[in-house]
Every structure is written in structure tokens, then in C-alpha cells.
Amino acid sequence: MPNPAAPKSIHVVLKRDQKFLVNGALIRANNPVHIDLYRSDVLLTPNQLLECEEAMTPLERLYYFAQQMLIEPEKRADWYRAFYDLSVSVPLAARVDELKLVVSLILHSDVQKAMTKLRRMIRAERKAFLPG
């Protein structure tokens, strides 16, 4: 019988050269690996990490800037400035309230929640503009 007091784990499967972020450490798998993580405060799985060259739309660039705040906390102020400058210049009138919420979450250092919201916005944007 499982012990309810035992810490819950998150199971991560990485392919060769995939990356993920855990508690500020960017980790890359040299070989395929299965990992069970316990007690992680910050976790971004491979499908949640965005490379700079993949950030094509304004929302994707905002996501990338937020992600970099977690990956490079010593440069957080620079990434925040880039995030904020883009957020006030993005022509997303229909999504202004959602964007204000994301900026507020970033201001209150809840970057992961902001990124979750941005992922939802990006999925909705793709669904609206991609055939299919």
C-alpha cells in the first residue's frame, strides 16, 4: 500500500540532448534517461523550454524572456526589461487583460505561473491562426 506521507515524484523522460530546468539548473541529457524528481520548486520539462530561434511571435518572445529569468537569475533585471518593453509594445488589444495578468505575475516573481498563462495564450494563438 502506498505511503501517503511519502513525497510525490515527477517522472521525466529525456531523449539524448534534451534539456530541462530544475531549481535554476539547466540540465542536458547526454544519453536517454528516466528521472524521478522529488521536491522540486522550479521545473520546466523539455516541451516547455523554448530556444531563442524558436520564439517567432511576440507571445513566444515574451515566454522566452520569462523562461530566461528562471535560467539566468543573475540577469533577471535585463530579461525583465526586455519582457516589459515588448509587453507594452505588443499589438494584442484583444488580449490586454490576459497580458496585464502575466506582467503582474512576473512582477510578483511568479514566473512559472506567468509562463503557464503564456503557454495557454500561445496554444490559443496557434489554434486561431493555423489551419486544421
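Arg-81 and Asp-78 form a salt bridge in this predicted model, with 3.2 Å between the closest N and O atoms. Both residues belong to helix H2 (residues 76–89), and because they are 3 residues apart there, about one helical turn separates them. Arg-81 counts as partly exposed, at 46% relative accessibility. Asp-78 is likewise partly exposed, with a relative accessible area of 44%.

This pair belongs to a total of 8 salt bridges in the structure. Another of them joins Lys-75 to Glu-72, where the closest N and O atoms lie 3.8 Å apart. The value falls inside the limit, because a salt bridge requires the side-chain nitrogen to be within 4 Å of the carboxyl oxygen. The two partners differ in their exposure: Lys-75 is partly exposed, with a relative accessible area of 39%, whereas Glu-72 has a relative accessible area of 18%. Glu-72 therefore counts as buried, since that term applies under 20%.

A further salt bridge is found among the strands and loops. Arg-28 pairs with Asp-17, and their closest N and O atoms are 2.6 Å apart. What does this pair tie together? Arg-28 lies in strand E3 (residues 25–28), while Asp-17 lies in the loop between strand E1 (9–14) and strand E2 (19–22), so the salt bridge connects parts that are 11 residues apart in sequence. Arg-28 is partly exposed at 45% relative accessibility, and Asp-17 is partly exposed at 40%. The pair is also part of a network of salt bridges that links Arg-16, Asp-17 and Arg-28.

The overall arrangement may now be considered. The protein contains 4 helices and 5 strands. Read from the N terminus on, these elements follow the order β-β-β-β-β-α-α-α-α.

Strand E3, which holds Arg-28, takes part in an open sheet of 3 strands in the order E3-E2-E5, paired in antiparallel fashion. Which strands form the edges of this sheet? They are E3 and strand E5 (43–44), each of which pairs on one side only. Between E2 and E3, which run antiparallel, there are 4 bridges. Within this arrangement, Val-22 stands opposite Ala-25 in E3.

The helices come together in the largest nonpolar core, which has 31 residues. Helix H1 (58–71), H2, helix H3 (96–107) and helix H4 (111–129) each supply at least two residues of this core. H1 provides the largest share, with 9 residues. Phe-83, Ile-106 and Leu-118 have the most contacts inside the core. Which residues does Phe-83 touch, leaving aside those up to four places away in sequence? They are Leu-62, Phe-65, Ala-66, Met-69, Val-102, Val-103, Ile-106 and Leu-118. Apart from the core just described lies another, of 7 residues, among them Val-12, Phe-20, Leu-37 and Leu-43.

Some totals complete the description. The protein has 132 residues, of which 39% count as buried. Its accessible surface comes to about 8,700 Å², and 55% of this area belongs to carbon and sulfur atoms. Among contacts between residues at least 6 apart in sequence, 46% join residues at least 24 apart.

Conventions
Residues are numbered from 1 along each chain as its sequence is written. This is a predicted model: local features need pLDDT of at least 70, side-chain atom pairs count only at pLDDT 80 or more; totals for chains, interfaces and linings use all residues. Side-chain values use heavy atoms; hydrogens and water are left out. Buried means under 20% relative accessible area, exposed over 50%, partly exposed in between (1.4 Å probe, protein chains only). Two strands pair if DSSP finds at least two bridges between them. A nonpolar core is a set of buried Ala, Val, Leu, Ile, Met, Phe, Trp, Tyr and Cys residues joined through side-chain atoms within 4.5 Å. Contact means heavy atoms within 4.5 Å. Accessible areas come from the Shrake-Rupley method with a 1.4 Å probe; for residues, only the protein chains shown count as cover.
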